[in-house]
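Morning, everyone. I will take you through one chain today, starting with helix packing. Please have a look at it before I go on.

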Amino acid sequence: MRIALTGNPNSGKTTLFNAITGKVEKVGNWAGVTVEKKEGDVKKDLVASGMHIRAVDLPGAYSMSPYSSEESITSNFVKNENPDAIINIVDATNLNRSLLLTTQLMELNIPVVVALNKSDLLRKKEIEIDTRELSKMLGCPVVETSSVKGTGLMELMEHVKNVSGKGQTAPFEGGITDESMNKDAFEARERERYAFVDHLVKITENRKVESNRLTKQDTFDRIIAHKVWGIPIFAAVIYLVFSISQNYLGPFLADFFVGWIDGLYALVEGWMGEQVSPLLRTLLLDGIIGGVGALVGFLPLIMVLFFFLALLEDSGYMARVAVVMDRHLKKVGLSGKSIIPMVIGTGCAIPGIMATRTIRDERQRRTTAMLTPFMPCGAKLPVIALFSGVFFKNAAWIGTSMYFIGIAIIIVSALIVRKITKVGPERSYFIMELPEYRWPSVKRAFFSMMSRAKEFLTKAATIILISNVTVQIMQMFTWNFQLVEEGMESTSILASIANPIAFLLIPLGFGAWQLAAAAITGFIAKENVVGTLAVVYGISNFIDPEELVLVSGANDVASVMGLTSVAALSYLMFNLFSPPCFAAIGAMNAEMGSKKWLWGGIGFQLGMGYTVSYFVYQIGTRITTGAFGEGALPGLMAVALIVGFIIYLMQRNEEKMYQTAKEMI
Ligand SMILES: Nc1nc2c(ncn2[C@@H]2O[C@H](COP(=O)(O)OP(=O)(O)OP(=O)(O)O)[C@@H](O)[C@H]2O)c(=O)[nH]1
Ligand SMILES: [Mg+2]
């Protein structure tokens with residue numbers, strides 16, 4: 001038999017699901033964590049008679065109303081798939097709001113068992129609930145449970161077994177299944193439902209502390225979630241998390257693991273000796289071991305970031321951040337929750353893009369997945385460091401400004417994407433009530449970190465490994481599979497692919513095949529950029545191959561590359577603000593779930609990178625030398641084409657919206 005777990009967001013459905021099935025699905029201290037249904041078998045020891053029960057965890061819903069589309073997964077499942085019983089998880093500390101859904105569920109003629117969850121908090125909050133009376137008034141079993149403590153689960157399953165397959169009489173008939181009712185009539189009935197629930201709560205609940213009295217938490221929130229102060233506070237918190245994960249703990253762990261990989265590299269190298277074919281050597285040493293090395297070089301950094309973000313989320317703080325940011329991000333067509341993917345994206349775009357999953361609105365979710373890669377990720381740092389070392393005397397402003405430019409580009413892009421894709425007047429789905437603050441659990445944060453890391457690895461590791469091998473082979477061999485000789489780098493497979501592309505990059509100031517080659521390998525994985533430059537320019541002796549940093553000879557490197565500093569800046573920006581690596585594009589594909597959005601997104605990123613670099617190079621060159629750079633005119637034509645096409649798309653959408661608006665009248 002099959003049972004559905006339903007209830008308001010953040011009521012503890014997934015925690016209960018994990019407790020009764022033994023699974024470890026993601027839980028989080030805010031609304032909207034579960035976004036797709038998850039199934040699992042109920043543990044045998046909870047169902048004495050050895051019955052087979054399959055439980056389905058669903059996204060949270062406030063209502064079964066046909067007029068709130070955002071909750072359709074839940075209401076479709078319950079209405080169309082006929083589960084044998086429904087467990088309605090009710091947050092016992094928030095009875096009033098939760099029971100609205102309960103009364104709606106009870107109209108579906110499927111037996112309902114109410115789990116009064118989070119009952120472990122009742123005593124502390126001085127709330128008493130007359131469970132027996134509530135059960136009588138509702139006309140269904142009501143069981144006090146705590147999914148974190150694991151109490152009441154046996155009894156709950158016992159009731160589920162007893163009622164399953166039977167019918168259900170609703171205590172309040174609001175006509176939730178009546179398709180013929182129009183919206184006004186429906187809303188009138190819903191107001192009666194509110195009154196009914198109010199009455200229920202008045203009789204069964206006894207609160208010592210009136211809920212509308214200002215609690216300590218509310219006072220705290222007046223500062224933390226303040227519309228102005230909230231932002232600098234968030235900036236400070238994130239700065240702290242960043243310095244720990246990117247400057248202290250993260251690099252410390254990374255160095256430790258990279259040391260091991262280096263040892264392994266040396267061991268295998270010595271063990272293979274000189275006789276082994278160069279192809280095999282490349283595959284094994286530079287492709288596989290090198291690829292793993294590249295991964296462990298930054299995985300600890302993002303894992304530490306995951307861990308601290310999980311702590312913040314568990315404490316209830318992240319929900320406040322989302323609310324504070326929503327006010328501002330809504331103006332550009334994003335959601336308050338878009339901030340989390342972007343923060344994670346500074347570590348690595350892939351888990352950042354995966355984090356967009358909690359954004360309910362489809363358009364906002366896809367836009368966020370498309371724009372998250374504009375945040376400079378960890379793998380782009382070596383490129384930034386190399387260029388600021390070689391061309392800008394290590395000026396600190398180069399690195400810092402890339403983040404601010406990234407943010408600016410995200411804001412502008414969000415506005416453009418909204419103009420192209422908005423389909424009607426915007427509805428705000430942001431009805432996120434704030435969860436309570438609590439001490440975050442290190443154990444929960446650890447598990448959250450591990451499951452994120454696992455998801456990231458399964459997604460990224462294969463692509464990174466394969467692409468590493470491919471790049472190495474393309475760099476080291478000619479088309480006849482002869483080893484490329486030293487000083488003859490232009491005969492490699494990579495060079496022949498890069499040459500025609502370099503031509504297109506002349507207006508951006510870097511039409512050399514070497515730079516184009518590095519940009520191509522950058523699409524495969526951004527940490528390849530510096531390595532490729534080192535190989536194709538023969539400047540490896542100036543660069544530490546492990547740390548990918550410049551050790552000496554900034555001027556020599558600059559003259560080998562033959563770039564002006566303006567062209568160097570343009571190249572740097574092209575690498576940062578064009579499409580991300582293939583692994584991240586794979587993640588975009590998964591989260592967007594639409595080929596149109598995916599290709600549109602890649603095209604947009606490419607157009608954005610090209611346009612920004614073009615203006616940086618041409619205007620910069622004009623300012624510094626008094627004349628425009630090479631290829632200014634053809635470049636201008638290309639940029640005009642890009643901009644023109646975007647304007648065309650915006651106008652087409654405007655017209656479409658106008659047409660639909662007219663039809664509606
Ligand atoms: N004190 C207490 N906390 C709980 C209990 N059950 C869940 N929680 C906490 O409530 C928060 C929400 O839990 P989830 O299981 O993610 O809630 P959900 O209903 O699946 O939420 P959505 O998927 O967002 O709809 C988490 O921080 C849990 O640790 C409980 O019985 N007692
Ligand atoms: Mg959930």
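How are helix 4 and helix 6 oriented to each other, roughly parallel or roughly antiparallel? Before I answer, please note that this is a predicted model. Helix 4 covers residues 131-138 and helix 6 covers residues 183-204. Their axes come within 9 Å and cross at roughly 155 degrees. Angles over 145 degrees count as roughly antiparallel, and therefore helix 4 and helix 6 are roughly antiparallel to each other. The crossing of these two helices is right-handed. On the side of helix 4, the residues in the contact are Glu133, Leu134 and Met137. They meet Leu200, Ile203 and Thr204 of helix 6. Sorted by class, this contact of helix 4 with helix 6 has 4 nonpolar residues, 1 polar and 1 charged.

Next pair. Helix 13 and helix 15 pack with their axes 10 Å apart, at an angle of about 140 degrees. Helix 13 and helix 15 are therefore oblique to each other. Helix 13 passes helix 15 in a right-handed crossing. Helix 13 brings Arg363, Thr367, Met370 and Leu371 to the contact, and helix 15 brings Ile410, Ser413, Ala414, Val417 and Thr421. The classes here are 5 nonpolar, 3 polar and 1 charged.

The third pair is helix 22, residues 582-592, and helix 23, residues 595-625. Their axes come within 9 Å, and the crossing angle is roughly 140 degrees. That angle makes helix 22 oblique to helix 23. Helix 22 passes helix 23 in a right-handed crossing. Which residues of helix 22 meet helix 23? They are Ile585, Met588, Asn589 and Met592, and their partners in helix 23 are Trp597, Leu598, Gly601 and Ile602. This contact of helix 22 with helix 23 has 6 nonpolar and 2 polar residues, and no charged ones.

Now the domains. The chain is divided into domain 1, which is 2-207, domain 2, which is 230-419 + 433-461, and domain 3, which is 472-664. Note that domain 2 is written as two stretches. The centres of domain 2 and domain 3, taken over C-alpha atoms, are separated by 21 Å. Domain 2 puts 41 residues into the contact between them, and domain 3 puts in 39. Several helices supply at least two residues each to the side of domain 2 that touches domain 3, including helix 8 (230-272), helix 9 (278-315) and helix 16 (442-476). Helix 13 and helix 15, from our second pair, are also among them. Which helix gives the largest share of that side? It is helix 14, with 9 residues. By class, the side of domain 2 that touches domain 3 divides into 27 nonpolar, 6 polar and 8 charged residues.

Last, the ligand. How many residues surround ligand 1? There are 24, and the closest are Gly12, Thr14, Val27, Thr34 and Gly60. Helix 1, residues 13-21, gives the most to this shell, with 3 residues. The shell around ligand 1 has 7 nonpolar, 14 polar and 3 charged residues.

To recap the packing: helix 4 and helix 6 are roughly antiparallel, helix 13 and helix 15 are oblique, and helix 22 is oblique to helix 23. That is the end of my part.

How values were computed
Residues are numbered from 1 along each chain as its sequence is written. Chains are lettered from A and ligands numbered from 1 in the order in which they are written. This is a predicted model: local features need pLDDT of at least 70, side-chain atom pairs count only at pLDDT 80 or more; totals for chains, interfaces and linings use all residues. Domain bounds come from an automatic or database domain assignment. Two residues are in contact if their C-beta atoms, placed from the backbone, lie within 7 Å. Helices (H or I, at least four residues) and strands (E, at least two) are DSSP runs, numbered from the N terminus. Ala, Val, Leu, Ile, Met, Phe, Trp, Tyr, Cys and Pro count as nonpolar, Asp, Glu, Lys and Arg as charged, and the others, Gly among them, as polar. A residue is near a molecule or strand if its C-beta atom, placed from the backbone, lies within 6 Å of it. Axes are lines fitted to C-alpha atoms, for helices over the stretch in contact, and angles run from 0 to 180 degrees between N-to-C directions. Angles under 35 degrees count as roughly parallel, over 145 as roughly antiparallel, 65 to 115 as roughly perpendicular and the rest as oblique. A crossing is left-handed if the near helix is turned anticlockwise from the far one by less than a right angle, and right-handed if clockwise.
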